[in-house]
Amino acid sequence: RMKTIVRLSVSLDKELLAAFDRRNRAERYPTRSKAVADLIREKLVKHEWESGGEVAGTITLVYDHHGANVVETLTRIQHDFHRIILASQHIHLDHNNCIEVVVVKGSPEDVKRLADSLKTSKGVKFGNLSMATTGKKM
Ligand code: NI
């Protein structure tokens, strides 16, 4: 859809704005408008995760594949949640360690349940859910 851009004027504490601009420069933001828009979207994404609509995200796991049943357990859990898994990729980091990325789309409740099941499995050294968005509402 075509997007209409509006200009707005905001009153802010001078030091607050200076700190914001310093942060944006450090993060290499091209414009203050992009930085403000990202802040607003971040807030909306947080709300999506709290309000129970449809969300997207990635689950990252690191584990030693020699661990007893760890591969079988992670596979079984992912089959239980196949409806919300779009893709997964397994990369062999070294002789022992694997990193796996699972891309998900579904209700926040299901996605969190899947992420919790995977990361609390015995043998998983690191587990993380990156809460993203389907992007439909922004
Ligand atoms: Ni591997």
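How many positive and negative side chains does the protein have, and how far apart do the centres of the two sets lie? There are 23 positive and 17 negative side chains, with the two centres 7 Å apart. For this tally, Lys and Arg count as positive and Asp and Glu as negative, while His and the chain ends are not counted. The place of a charge is taken as NZ of Lys, CZ of Arg, CG of Asp or CD of Glu.

Before going on, a word on what you're looking at. This is a predicted model, where local features need pLDDT of at least 70, side-chain atom pairs count only at pLDDT 80 or more, and totals for chains, interfaces and linings use all residues. Residues are numbered from 1 along each chain as its sequence is written, and side-chain values use heavy atoms, with hydrogens and water left out.

**The overall picture**

The protein has four helices and four strands. Start at the N terminus and you meet them in the order α-α-β-α-β-β-α-β. Here helices (H or I, at least four residues) and strands (E, at least two) are DSSP runs, numbered from the N terminus.

The C-alpha trace spans about 60 × 30 × 25 Å along its principal axes. The radius of gyration is 20 Å, whereas a compact globule of 138 residues would have one near 14 Å. That radius is taken over C-alpha atoms, and the globule rule is 2.2 Å times the number of residues to the power 0.38.

Of the 138 residues, 27% are buried. Buried means under 20% relative accessible area, exposed means over 50%, and partly exposed is in between (1.4 Å probe, protein chains only). The accessible surface comes to about 10,100 Å², and 54% of that belongs to carbon and sulfur atoms. These areas come from the Shrake-Rupley method with a 1.4 Å probe; for residues, only the protein chains shown count as cover.

As for contacts (heavy atoms within 4.5 Å), take those with a separation of 6 or more: residues 24 or more positions apart account for 68% of them.

**The nickel site**

A nickel ion is coordinated by H90 (NE2), H92 (ND1) and C98 (SG), at 2.0 to 2.4 Å. Along the chain, these donors follow the spacing H-x1-H-x5-C. Donors are N, O and S atoms within 2.8 Å of the metal (3.2 Å for Na, K and Ca); water is not among the atoms, so sites may look incomplete. H90 is partly exposed, with a relative accessible area of 34%, while H92 counts as exposed at 61%.

I99 touches H90, and its other contacts beyond four places in sequence are T60, L61, V62, Q89, I91 and L93. You'll find I99 in strand β3 (residues 97–106), and it is partly exposed at 21% relative accessibility.

**Helix residues worth a look**

Here are three helix residues side by side.

| Residue | Helix | Relative accessible area |
|---|---|---|
| N24 | α1 (residues 14–26) | 7%, buried |
| Q78 | α3 | 11%, buried |
| V111 | α4 (residues 108–119) | 0%, buried |

What does V111 touch, leaving aside its neighbours within four places in sequence? V111 is in contact with W49, V55, I59, I84, V104, G106 and L129. D38, by contrast, sits 73 residues from V111 along the chain, and their C-alpha atoms are separated by 23 Å.

Q78 has its own set of partners outside its four-place neighbourhood: I85, S88, E100, V102 and L118. One of these, E100, is 22 residues from Q78 in sequence and 12 Å away, C-alpha to C-alpha. I99 is 21 residues from Q78 in sequence and 15 Å from it in space, again C-alpha to C-alpha.

On the same terms, N24 touches Y29 and A35, once residues up to four places away in sequence are set aside.

**Two loop residues with positive phi**

Most residues other than glycine have a negative phi. R28 goes the other way, with a positive phi near 65 degrees although it isn't a glycine. R28 lies in the loop between α1 and α2 (32–51), and it counts as exposed at 71% relative accessibility.

N69 isn't a glycine either, and its phi is positive at about 65 degrees. N69 lies in the loop between β1 (55–64) and α3 (70–80). With a relative accessible area of 52%, N69 is exposed.
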